[in-house]
Amino acid sequence: MTSATIELDHRFADALPELAVDWAASPAPTPAVVALNEPLAEELGIDVAWLRSAAGIAVLAGNAVPDGARPVAMGYAGHQFGNYSPRLGDGRALLLGEVLDAEGRLRDVHLKGSGRTPFARGGDGRATLGPMLREYLIAEALHALGVPTTRSLAVVTTGETVARTGPEPGAILTRVATSHLRVGTFEYARWLEDGANLEPLVRHALERHHPDGDDSARPALTLLRHTVEVQAVLIAQWMLVGFVHGVMNTDNMTISGESIDFGPCAFMDRFDPATVFSSIDHAGRYAYGNQPAVAQWNLARLAEALLPAIDEDRDTAVALATEALEGFVDRYQRAWSDGMAGKLGLPPDSPGNSALFDGLVSLQTRARADHTSTYRALASVLRGDSMALGALFPEHVLEIGDWSTSWQGALGDADRGAVAEGMDAVNPLYVPRNHLVEAALASAVDGEFAAFGSLLDLVTDPYVERAGRRAETGPAPDGFDSGYQTFCGT
């Protein structure tokens, strides 16, 4: 049932007042909706017509607070590029509160770009249109690919000009998440008042994400194990679709296992484990191929923060936390291997799978073959057309031919047409390729939103081929990637 308003709770603010600062958004002079996620609004039980009305836009812009809401800036710490910052927090964002969606699930509603808060650290507290539309687009693309992610309900322009590399239109994103609890939230709770907030935070997190876990003998250990599990699966899914987050600081890793904070993120075209797009990642810490190891490193920081809540005896706590962390590698490998099996139409536990996977990744790396197109081309091979695959490996035709022979042998007597259809169902044809994203965002910043809408439509239905859209299935023109960078937007 939809509501002609939005009814919000304030459970986080009530349960953890030391981790929240009551705050109000800075006024947006002339807000206007430029992107509205109508399907998500329906999931949340919010009337779309109301969201487009003056009253709804006022809430999306932070100019009005819904009845019962208690906007807060959330406090958290974080390891940023490996360096610990004990007090970060929402410098330009506010948690409006939590809403029960149409299925009875609790979801956070959060504004990004709503003005300075006490955590602003010298920033202007504003966001600009291009990065907010990027986050909207990438989040919805990941969702369509089945990758756990925060979602974007709306982007509104504010009527202000914000200074970045030059004057840019101001904007605010409304983000929806199962919660905004991060690894950095626990680091902050451990840092505050000798960790007095740690156990209440553990209980709150379990209530939101793993309600059965609060009854365990060691709730904090249960939470750690749960987070290791969901993050291992998430990172495997990123790797399978060629997603590069770009800034995997501990304040950008959720307890829920949802992707969050798409600043310098991008999808990889030509396969290379060393791929880095972020303008601030000079050493390649968060390169595509490093993401699993970085995730485990981040989880170790969570474990450190949780130690006093796991056991009073530090040695016991360390031993238990270490055992939980050691489960990451196996869980990640299983999720990745199962995903690769699906992408190649193979049974998940076939003895020869590992060698086939490693062989294909090695060939993709040496050929710098387009990641997304490779798997659709393999499905075409099963339909009797190997030209597309050969074109992706022009200098390694014989090697990819030999690999393909081994792969088809592993398929046994399975119906080739049925296998190809199954592969097409899990291997996208359309992803937000960087040259398309940049062109769409540039047009939107200039006030033309047709290209953005067209690309959004494509990547939110990524598996079905569209007539006349073949050009959008290929990589960027030669030379584009060599100097391409993405930016945080702050």
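This is a short tour of a predicted model, moving from a buried strand and its two partners to a charged patch on the surface.

Begin by selecting strand β7, residues 106-112. Seven of its seven residues are buried, so the strand is largely enclosed by the rest of the structure. With side chains displayed, L106, D108, H110 and K112 can be followed in one direction from β7, while R107, V109 and L111 point the other way, and the residues of both sets are buried.

Next, add strand β6, residues 93-100, which pairs with β7 in the antiparallel sense over seven bridges. To find the register of this pairing, pick V109 in β7 and look across to G97, which stands opposite. Then follow the chain through the hairpin formed by β6 and β7, where five residues lie between the strands, and pause at G104, whose phi is positive, near 80°.

Now bring in strand β10, residues 167-177, which runs antiparallel to β7 and is joined to that strand by five bridges. Here the residue to select in β7 is D108, whose bridge partner in β10 is A177.

For the last stop, leave the strands and select E199, E312, D313 and D315, which together form a negative surface patch. Of these residues, D315 can be placed in helix α10, which spans residues 314-343. Is D315 buried or exposed? Its relative accessibility is 62%, and because residues over 50% are classed as exposed, D315 counts as exposed.

Technical notes:
Residues are numbered from 1 along each chain as its sequence is written. This is a predicted model: local features need pLDDT of at least 70, side-chain atom pairs count only at pLDDT 80 or more; totals for chains, interfaces and linings use all residues. Side-chain values use heavy atoms; hydrogens and water are left out. Buried means under 20% relative accessible area, exposed over 50%, partly exposed in between (1.4 Å probe, protein chains only). Helices (H or I, at least four residues) and strands (E, at least two) are DSSP runs, numbered from the N terminus. Two strands pair if DSSP finds at least two bridges between them. Patches are made of residues with over 30% relative accessible area and no salt bridge: like charges are joined within 9 Å, nonpolar side chains (Val, Leu, Ile, Met, Phe, Trp, Tyr) within 5 Å. Accessible areas come from the Shrake-Rupley method with a 1.4 Å probe; for residues, only the protein chains shown count as cover. A salt bridge is a side-chain nitrogen of Lys or Arg within 4 Å of a carboxyl oxygen of Asp or Glu. Lys and Arg count as positive and Asp and Glu as negative; His and the chain ends are not counted. The place of a charge is taken as NZ of Lys, CZ of Arg, CG of Asp or CD of Glu.
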